[in-house]
Amino acid sequence: MKLDTTRRGFLQTSAGAAASLVLGFHLGGGEADAQTANAELNAFISISPDNMVTLQIHKSEMGQGVVTSISQILADEADIDWNRIKTEFPGVKPVYGTPMMGTYGSLTIRTSWAPLRKTAAQAREMLVQAAATRWGVPVSQVRTENSNVINTATNARLTYGAIAADAAKLAVPANPTLKTAAQFKLIGTSPKRMDTQMKTTGTATFGMDYRAPGMLYAAIERCPVFEGKVKTFDATKAKAIAGVKEVFSIGHGVAVVAENTWVALQAKKALVITWDEGPRAGNSTPGLRAAWAALANTPGQSVQNTGNVDTALASAAKKIEAVYEAPYLSHAPMEPLNATVLVTDTKCDVWVGTQIQTVAMQAAAMATGFKEDQISIHTLYLGGGFGRRGGEDYVHEAVEVAKHMKGTPVKTVWSREDDLQHDTYRPASYTKFSAGLDADGYPVAIHAKVVSPPFGQPGVQTEGIRDMKYAIPNFRCEQHSPDVGIPVSYWRSVGYSQNTFFMESFLDELAAATNKDPLEYRRKLLANQPRMLAVLNLAAEKAGWGTPLPAGRFRGIAVVSNIGSFNAQVAEVSVTGGKVKVHKVVCAVDCGIVVNPAIVAQQIESGIVYGLGPALKHGITLDKGRVVNTNFNSYDPTRIDETPVIEVHVVPSTQAPGGTGEASTPTTPPAVLNAVYAATKKRIRVLPALQKDLA
Amino acid sequence: MPAITFNLNGRSQSVNVPNDMPLLWVLRDTLGMTGTKFGCGMALCGACTVHVNGTPIRSCSTTAASVAGKNVTTIEGLGGAHSVQKAWMEMDVPQCGYCQSGQIMTAAALVQKTAKPSDADIDEAMRGNLCRCGTYPSIRKAIHRAAQLQQGGRA
Ligand code: FES
Ligand code: FES
C-alpha cells in the first residue's frame, strides 16, 4: 500500500492499518510501537509529535456520518485542525458507552453531544495549561486555534503536537469551559464527509472485506423453520467439492468451511439435511393474521388510558372503526451479514461491522466460554445496519464456527437468502381502532388495540400510538403480545415504523369521514404542540398545500414525533392503473441543534427512501414456518426510478439535539398512502399497497 | 486447472480457478480486490458491477472463463480521478458506501456511452443498482455533474 500522508490518505488506510496493528501486535510484530509516540489526552483524543490528532470514534459508521459528525464536535470544542485528523474505531471500554457500547436508537448525537464536548474542552484546557506552564504565563494569556496554542502577548505559537506530552500528564479539569454557540466553527457546518473518498474508490474496509492471513470462509445452512434443529445431515456431496475443508453441525444449522466464499456457498447448497422442524412449522401469514384478528376482539393489556373511552365512545355523535395491518419486514442491509473470527486457546478476536460492540463481545464470550477481557472486538465499516447489526446471532454463530477451527481465522458469510430468511424481523402488527367523533367531527375518543409480538424494551410495540400527540380527551391503547417464535427486533424507527402509518392513516380517515382538510384537522388537534405544529406548517407551506396541482396529482400529509425529533411530510402522487408514482416528498424536520446540516439532510432522505419500500413494495411472507422471500426479486427495495424528488427543510433550533437516522421513515408510508387515498378514494389499511390492491 | 488469463485494470492477470467460478469471487477472494462487492449473488442488486470490455456487467453472475482474453475494469481500476468519482466526492454521495462501487461503475459506463444523460437515461441505466441507504437523489445529481466534468465543464 502506498503511504499517503494527506488526511484523506490517513483516513483511507486507518481501518486497515488499525486492523494490521492489532494483528501485528498479536503476532509480536513491531508496528505497535508507532502508536506509542501518541500522547493520549483522554479516551477520545491523542496527539502525535507531528501534530496529527487521532480521534477515537466510539460509534459505528453505517452511513449516518458519525465519523464526520463526532469529529466535528471534538475538533470544534478542542480547536483541532480539521485537516490534520485521523480516526479509529476503538475496542470495547466503559468510557465508550455504558451499559452498552453501541449505535442504536438514533442516539449518537443526542447522548454524545454533551460528553464529547466536555471531553474535548478538557483536552483543550490541558493543552492551554501545558503551554502556559511552558511559557511561564497565566492561562488567560493563551488561546487555541487550529491545533496550535498561541501566546496572546507575544504571538508565539506551539503546535498541539509539541506540548501534548506535557498536557497528557496534567490533571483533567472537572468543569471545563465550553464554547458558546456563537464560537462554533465546525458545529453547524457541513464539511465534506471524511469517509467519502474511501467509499468512492473501493478502499473502505467493510466487515466483508477484512482479510486475515490464512483465513478460511464459512457458510451456514440454517433450519428454514425458526427454532428448528439439525436432525441428521449427509455431507458427501458437499465434501466432494474441491476446496471444502470442514463440514459440521452447529445445532440450528450445518456449517461449511472452505477456501473461498464461493466454494462455501456452493457446498452449503449441496448439503443434504434432515431437520427437526420444532414447534413453529405451522406459522403462516394467513394463519397469523386470522389468529391476531381473533385476539384483537379480546381485551388486551392497557398501556395508556386517559379519560373514559367507553363512555365517550357510547355517546359520540359518530363512530368509526378500522383495522390496520403491517407485515414482518427484513432489514436487508446492502452488505450481507458476516464476521471474521480467530479463536485460540486463550483469546478470541472478532472483526465485524456491529452496531453494538458490547453485544458482540458478550456473544463471543458466551460462544467461547471465555471471559469478556479475552475477547477483542475490532469494528469495521458497516454496509448498512438499520437495527440488524445490533443482533448477537451472527457474531455468536461465527464464533462457534471459528471455535471449531481453532487457530485459523474464519470469515462466516451470509448469502442474501440467509439474510432475508433468518433476519430478526420488524414484527408484524394487527391494530384495531375505534373512534368517536363529536358533532363537529373531531375525535372525543380513540381506542386502539395493538396485536404484535413482543421484543426489546417495554412499550416499543405501541410507540407511535400510545404516545401520539393529538388532543383527544379519551384515549386508550391496549396491546396483545403473542410470541409466535419468529425472531423480531429493532428495525429503523422501531414501533413507529408501522404505528405512525396506522395512526396517521386513521386520523386521515376521521378527517375524510367529516369532509375536513387533513392539514386543518391535524392543526386543530395539535394546537398545544408547538414543535409538531411547526414542522406540519413548514412542510405544508413548502409543499404548497392547498394550491392547485397538475392534473392527476394529489397530496397527502403525515406528522410524528420520535427519537427526540419532529417530522412532517407532504407526498405528491399520481395513481395510474393501480400503479403509484410518488413524484415528490417535502419533509420538514426539527431535530434540535444540528451538527452537520448536509448529513442531517442525507439521513432524512435516506429514511424516506427506506420508508417507501414497506409502503409500496415489500413485506415478509411466511408459509409452513418458513420465510417465502428469497432474494431481491421477492423482496425488492426501492430503486432509483421509484425515488421521488425529496426536499428537506430543517427548522432552526437551539434545543438539545434530536435523532435523525430514524426520524423520517415513519411518516413516509402514511403521507404517501394518504395521497393515494386523495387520488383514488381507496383507503389502504394493509401494507404494502401493491398495484393489485389499487387497480 | 488450466490458468484463465484476462486483462485486469490494464495488466495481464492469470488465475488458477474453476471455469465456472464467478468473477466476483475471483476478484474478492482469489485476488484480494475487495472494492467490488457482494450483495445478492443473482444479478439483482448491482453491487458487484465491473466493466468487461467497457460494458457494465454483474460479476456475481459472470464466470471466470467467460472473461478470458477480455478487459476487466473494477473500481480499483477507475483511478480515483474519473469524472464520476470526482462528482461523487463533490456531492458526498456515499452513506454506508457498500453499494457505491457498483453504482460508480454503472454510472461510469453510462456517461461513457451517453455524454449528457437525461433523468430518464439515469433511471434506465441505474435501476439495477440498489442502495439501501437511499442515496439515489445524490446519485442523480452526481451523474449530471459527472457528465459536466467529463465535457470539461466548469469545476
Ligand atoms: S451481487 Fe451481483 S448483482 Fe447483486
Ligand atoms: S450507500 Fe449504503 S447501500 Fe448505498
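Let's start with one pair of residues: A:Leu342 has A:Asp349, in strand 16 of chain A, as its bridge partner. That contact belongs to an antiparallel pairing of strand 15 (residues 338-343) with strand 16 (residues 348-352) of chain A, which runs over five bridges. Keep in mind that this is a predicted model. From here, the tour goes to the sheet around those strands, then to another set of strands, and ends at a helix.

**The seven-stranded sheet**

- Strands 15 and 16 are part of an open sheet of seven strands in chain A, in the order 10-11-8-18-15-16-17.
- The pairing in this sheet is mixed.
- At the edges you'll find strand 10 (244-249) and strand 17 (375-379) of chain A; each has a single partner strand, so one side of each has no neighbour in the sheet.
- On average, neighbouring strands here are turned by 20° against each other, ignoring direction.

**Helices against that sheet**

- Helix 8 (residues 261-270) of chain A lies across strand 8 (216-222), strand 10, strand 11 (253-258) and strand 18 (410-413) of chain A.
- Helix 8 of chain A runs at about 25° to strand 8 of chain A.
- Helix 12 (residues 393-404) of chain A packs on the sheet too, and the strands it touches include strand 15 and strand 16 of chain A.
- The direction of helix 12 makes about 40° with that of strand 15 of chain A.

**Strand 24 and its partners**

- Strand 24 (residues 579-590) of chain A is mostly covered, with nine of its 12 residues buried.
- With strand 23 (residues 565-576) of chain A, strand 24 pairs in the antiparallel sense over 11 bridges.
- One spot to look at in strand 24 of chain A is A:Lys581, which has A:Ser574 opposite.
- Strands 23 and 24 of chain A make a hairpin with two residues between them, and in the turn A:Gly577 has a positive phi of about 55°.
- Strand 27 (residues 645-650) of chain A runs parallel to strand 24 of chain A, and six bridges join the two.
- In strand 27 of chain A, A:Val645 stands opposite A:Lys584.

**Helix 18**

- Helix 18 (residues 668-680) of chain A has 13 residues and spans 18 Å from its first C-alpha to its last, close to the 18 Å expected at 1.5 Å a residue.
- Helix 18 of chain A is largely enclosed by the rest of the structure, because 10 of its 13 residues are buried.
- Among the buried residues of helix 18 of chain A are A:Thr668, A:Pro669, A:Leu673 and A:Tyr677.
- Just past the end of helix 18 of chain A, A:Lys681 takes a positive phi of about 60°.

Notes
Residues are numbered from 1 along each chain as its sequence is written. Chains are lettered from A and ligands numbered from 1 in the order in which they are written. This is a predicted model: local features need pLDDT of at least 70, side-chain atom pairs count only at pLDDT 80 or more; totals for chains, interfaces and linings use all residues. Side-chain values use heavy atoms; hydrogens and water are left out. Two strands pair if DSSP finds at least two bridges between them. Helices (H or I, at least four residues) and strands (E, at least two) are DSSP runs, numbered from the N terminus. Axes are lines fitted to C-alpha atoms, for helices over the stretch in contact, and angles run from 0 to 180 degrees between N-to-C directions. Contact means heavy atoms within 4.5 Å. Buried means under 20% relative accessible area, exposed over 50%, partly exposed in between (1.4 Å probe, protein chains only). The expected span of a helix is 1.5 Å times one less than its number of residues.
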